[in-house]
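This report describes selected local features of a protein model, for a reader who has the sequence and the coordinates at hand.

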Amino acid sequence: MVHEIALTIKPTMACNMRCKHCFNGTLLKSTKQLDLKSVFRFIDIAVSEFKDIKVTFHGGEPTLAGYDFYKEVFAYEAKLSKKYGVVFSNLFTTNGLLLDDNLIDLLIKYNVLINISFDGPYNDILRQNTKYIISIIEKVQKKGARFRIFCTISAQSFPYLKEIYNWFKNKEWDFKILPIEPRGCAEKNYDLLMDIEKFLDELENLYRIWIVDNDCKIKFYTFQEFAKLRRNIQFKPYWINREIALNPDGLIYPFGRPNDMNFCLGSPFDVEKISECFCNKNYKQLLFNMKEYAKEQCRNCDSFHICRSVCVYMSYVYGDNSESLRYECKMSNGIFNRILKVNDEIIKDVRSGNIGIYNDFIKESFKSFLIKE
Ligand SMILES: C[S@@+](CC[C@H](N)C(=O)[O-])C[C@H]1O[C@@H](n2cnc3c(N)ncnc32)[C@H](O)[C@@H]1O
């Protein structure tokens, strides 16, 4: 039996920033606001079935729902935790503009991991209010909140990947990079999209630097994930039937991404359990469509055994434009090939006793390859 579920809650699709690349595109114009009753019901049907519940607040910009909304939601979760022994882990993805003292303190109180979207020294390329957001992140850090930065990399910033890494190290801010994808606004802003091979060259170079960087005290999430890539292991095995979203209209959707809005799964008041949503005919139709795309896309892909079409599925929920799907597959396939090549070299090194040169994370991830005397 599966005990975990990942819920995405989108209180609004409205946003107070105009990021040039936003995958939500025109959806950001919607002003609907999610009502608390639907949120409580959504959480109730998750609690009736699962013990570990991950909740991501997303949007649009989730801070626009205001302090009182979250105060109620977190208090409700805490009440259910106490009553039923369920464990909630909350994540909050925000552009940071409205993170004031009260909200930060509330997020700290409930141990929420705050994902702040900010692109380091090249933030001005895609976003606004750079200086102000830096001061907000410094405040979040000073208060001791759990946070990490989501740093989107575009055609204009990827040549400076190493500088970006050093900038985050210097700031002592954990981070993750999000290579820009041709979705929503970015689909039209073609100059933002990267030349995949050139980006991969930079990415591989930086990975080679990171694996032996013993001064890196921050979590570089992207590379920590890469360090776990192996040729014989599927990289993201659990995805289908493990995620579900509640949108601002109070209805349930498969993943809470732009394209799965075409596959509404109904109201949380019409079901007793989340798993009923996975039996919904629209959920099955979405899976069917994704598999049809995968048949075409994955036929000659040399990363199929690692990916098992998850790359296609993950991009399909953002949009069904075949050109974008091909771009994203090419990117994922390139990343797998480049990183697995480096990981093979690490394995070889570790087997011949050269584990000492690597950073602690690599040592830990590859220690099973040490040949025991
Ligand atoms: C869409 S925003 C929504 C939540 C919130 N408003 C924020 O700014 O974090 C979530 C994240 O998706 C990233 N993102 C949006 N469009 C993207 C794209 N086309 N390619 C890659 N990442 C993208 C953003 O940079 C941001 O880090």
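In which loop is the place of Gly60? Gly60 sits in the loop between strand 2 (52-57) and helix 2, and the peptide bond that leads from Gly59 to Gly60 is cis, with omega near 20°. The model is a predicted one, and each value that follows is computed from it.

Helix 2 (residues 67-84) and helix 3 (residues 101-109) have axes that come within 10 Å and cross at roughly 15°, which makes helix 2 roughly parallel to helix 3. The crossing of helix 2 and helix 3 is left-handed. On the helix 2 side, the contact is formed by Tyr67, Tyr70, Lys71 and Phe74, which meet Asn102, Leu103 and Leu106 of helix 3; by class, the residues of this contact are five nonpolar, one polar and one charged.

The shell around the ligand comprises 21 residues, of which Phe23, Asn95, Ser117, Glu181 and Ala186 come nearest. Its residues divide into eight nonpolar, ten polar and three charged, and at least two of them are supplied by each of strand 3 (87-94), strand 5 (146-153) and helix 6 (184-188).

Two residues other than glycine with positive phi are set out below.

| Residue | Phi | Loop | C-beta neighbours within 10 Å |
|---|---|---|---|
| Asn241 | about 65° | between helix 8 (221-226) and strand 7 (243-246) | 16 |
| Ser309 | near 75° | between helix 11 (304-307) and helix 12 (310-316) | 18 |

With 16 such neighbours, Asn241 counts as partly exposed, and Ser309, with 18, is likewise partly exposed.

Methods
Residues numbered from 1 in each chain as written. Predicted model: local features only at pLDDT ≥ 70, side-chain atom pairs only at ≥ 80, totals over all residues. Near = placed C-beta within 6 Å. Helix = DSSP H or I, 4+ residues; strand = E, 2+ residues; numbered from the N terminus. Nonpolar A, V, L, I, M, F, W, Y, C, P; charged D, E, K, R; others polar. Axes fitted to C-alpha atoms, helices over the stretch in contact; angles between N-to-C directions. Parallel < 35°, antiparallel > 145°, perpendicular 65-115°, else oblique. Left-handed = near helix turned anticlockwise from the far one by under 90°. Contact = placed C-beta atoms within 7 Å. Buried ≥ 20, exposed ≤ 12 C-beta atoms within 10 Å, placed from the backbone.
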